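Biologist: I am new to this structure and would like to learn how to read it. Could you take me through a few features, one at a time?

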Amino acid sequence: MQSTPQHTFSTDPDNQPQDDQLKSRSPFQLAMRRFLRNKLAVISVFVILIIIILSVMAPVFTDQDPEQTDLFKIEEHPSKENILGTNGQGQDNFARLLYGGRVSLIVGFSAMTFTLLIGVVLGSIAGYYGGIIDNIIMRAADIMLMLPFLVLALTIMAIVDRVTIPFFITIIALTTWPSLTRIIRGTYLSLREQEFVLGARAIGASDFRIVFKHFIPNAIGPIVVNATLMMASYIIIESALSFIGFGIPQPTPTWGNMISEAQNVRILRDHPEAWIPPGFAILITVLAINFIGDGLRDAFDPKSSQR
Amino acid sequence: MYQYIIRRTLVFIPMLFALTVIVFTLALLAPGDAFTGKSLADPNVDPEVYERQREEAGLNDAIPVQYGRWISNVAQGDFGKSLVFNGRSVSELIEARLANTLYLGLFSLFITLVVSIPIGIYSAKHPYSLLDYGATGFGFLGLAIPNFFFGLIAIYVLAIQLDWFPAQGTLDEPGMTGIEALKSRLHHMVLPGITLGLAGTATYMRYMRSEVLDVLGSDYIRTARAKGMSDRNVLYKHTLRNALIPIITLMGFEIGMLLSGAVITEQVFNYPGLGTLFLSSVVNRDFPVVMAIAMLLGILILVGNLLADIFYSIIDPRIRYD
C-alpha cells in the first residue's frame, strides 16, 4: 500500500485530486472510505459490536451465575429459568454462553495484541537493522514455524496444573509470533531502500523516529489485516484447545469447554441446545472477523479486490 | 537438485534436535510422572514404591543425562518402552496408530482435492455464477467453522439422527479381513475424513479459483487461443499446469496443519490414531510415547515441505535450486 503521488494519473476515483479538500486525505483515510463502502465488512463490524455488547453486559441479560453449580439441576432441558437448559454440573448454559464470549474475545484480542507487540518489535529490529540480528531472529522464526504448534502447546498446557487466561494468552503468543514477524520484516525490507527513508536519515532522524514515524505508518496495511485475521484464528485455537481439555478449564465458561460437554454422547444426542449455540457463536464471530479482515485488505490494497 | 535436498535435510537436523530438547525438557519439568499421576501421589501407596519405580525407569537422573540416554537409543532405532502400557515398546504402540492416522490423512486429502480442484476451476471459468457464489460462501464458512464443531454436527445429523455413518472407531467388528474390512474402514473414515479436510477444501478452492483466473488472463493463454487451440486444450495443457503450482506448495506446508487437525478430529470421532495416542500420553505423562510422536510429526512436516519443493521443480522447470 503506497500512497499514490498526486501528480500521476490514477484510474481510482479516490486518488484523483478533484478539489483542495480531497488533497488532505491521508492514505489511511482513503482506505477507511473504501472499507466503509464494503457492505459485508460493515455489517460484520456491527455483528462484532453486538457480540461484544452481549458478552460485556452479560449481567444485564441474565441473572444466573455462569460458574454456580447445582447438583439438583443437572442436564435439564430448556425452561423459563434456564433458557438453554443446564450442563452436567448444573450450570446455566445461557449464562455460560454470554460470559463465555468474554473469554473468547479477551483471549483472541489479547493474544493478537501480544503477538503484534512481539511481531512489531522483532520484525522492526530484523527488518531495520538487517545483518546478523536479522539472521538470528529469522532463523528462530524458521525453527518455530517448523515445530508442530499443537505438540508444543499441548505439552506446555499439560505441564501446568491450572491453565489461567493470561498464561494461555502468553503461550499462544509465544508459539505463533513468527508469521506476523516475517510479514512485518518483509514490508520493512522494501521500505528501507526508499528515498524518503534516506531523506529522514539525512536530516538526522533517530532510528526510533524512523521506525515509528516512517516505517510503521507505511506498513500499517499488512499489519492491521494480518492481525485481524490472526485474532479469528486465535479464537478457534482457544476453543479447540478448551474442547480437548487443554485450554481454559472449568468453572470458567468458554465456548470451547461448553462444546466439550458434547463429548458425552448423552449430551450430544439429547441436548443439542447445550452445544450448538456456542458452536454457532464461534462460527459467527470468526466469520465476522474474517470479513472485516478481508474488507481491510481490499481497502488497503485496492488491487487485491480485482481477483 | 540433490545438493539442495541434502542441504535442506542437514538444516533440519538441528531443528529436530531443538524440538526434541524443548519437548523433553518441558515433559520432565511437569509435576508428577507416569507412576504418580498428574500431580499428587496416592497416599495409600508407600512412597518407597514410587521411588523404586522411578529409579528403575531412570527418572531420577539429571535431565541432560536422561536426554543423552534417550537420544542415543533413538539413534539406534529404539524409542524405549511406554511407561503406561505395561512396558510395551513405543514403536509397537505407534505403528498401529500411525497407519490409522495416515489412512485418515490420505483419505481426507483425496476428498479435499477431488472436491476443491474441479469446483475451483469451474468458479474461475464461470465467475459470478450461482455455483461460484455458492463456492465462495462455502469457502468462508469452511474456514470459520471450528472442525471439532463441524465434526459434532456431522455425528449428530449423519450418525445419530440419520444413522448413515458410524460415529466412531475404525471397524465394525475387530478382526475383519479382506474386502469387508476395507469397506468398513472406508465407511468409518467418511465423517472424520470430511471433517479433517474441510478447512483444506475451502483453502484450495479459493487458491484454485484465483490462480486459474490469473493464468487465464495472461498473455500466453491469449496466444494459445489466438493460434486456434481449443478451450479444452487451453485449460488442460496450459492453464492447469501453471495453476496447480501453488496448490502443490500449499499441500506440502499443509501437512503440519493436517496432522494438527487430526489430533482434534480423532478426539471428536474417538478414532484410534496418533492424535488420540498423543493426547492420552500427554495426560498420562508417558514421556517416551510423547517424545516419539513429537519427533515423528516433526519429520513428517519436514518431508512434506521437502516433497513440495521437489514437485514444485518438476512441475515448473523454470525453478532451479542450486
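Biologist: How much area do chain B and chain A bury between them?

Modeller: Buried area is the accessible area (1.4 Å probe) that two parts lose on being put together, summed over both. Here chain B and chain A bury about 3800 Å², with 81% of it on carbon and sulfur atoms. This is a predicted model, where local features need pLDDT of at least 70 and side-chain atom pairs count only at pLDDT 80 or more, while totals for chains, interfaces and linings use all residues. Residues are numbered from 1 along each chain as its sequence is written, chains are lettered from A and ligands numbered from 1 in the order in which they are written, and side-chain values use heavy atoms, leaving out hydrogens and water.

Biologist: How many residues does each chain bring to the contact?

Modeller: Contact means heavy atoms within 4.5 Å. Chain B brings 47 residues and chain A brings 39.

Biologist: Which residues form the salt bridge across the interface?

Modeller: A salt bridge is a side-chain nitrogen of Lys or Arg within 4 Å of a carboxyl oxygen of Asp or Glu. The rule finds 1 across this interface: B:R206 and A:D294, at 3.4 Å from N to O. A:D294 lies in helix α13 (residues 272-300) of chain A and B:R206 in helix α7 of chain B, so the pair joins two chains. Helices here are DSSP runs (H or I, at least four residues), numbered from the N terminus. Over all chains, the whole structure has 7 salt bridges.

Biologist: Which residues make the nonpolar surface patch?

Modeller: Such a patch joins nonpolar side chains (Val, Leu, Ile, Met, Phe, Trp, Tyr) within 5 Å, from residues with over 30% relative accessible area and no salt bridge. Accessible areas come from the Shrake-Rupley method with a 1.4 Å probe; for residues, only the protein chains shown count as cover. Among the residues of this patch of about 900 Å² are A:F46, A:V56 and A:F61. Helix α3(A) gives the most, 7 residues, and A:V56 lies in that helix.

Conventions
Patches are made of residues with over 30% relative accessible area and no salt bridge: like charges are joined within 9 Å, nonpolar side chains (Val, Leu, Ile, Met, Phe, Trp, Tyr) within 5 Å.
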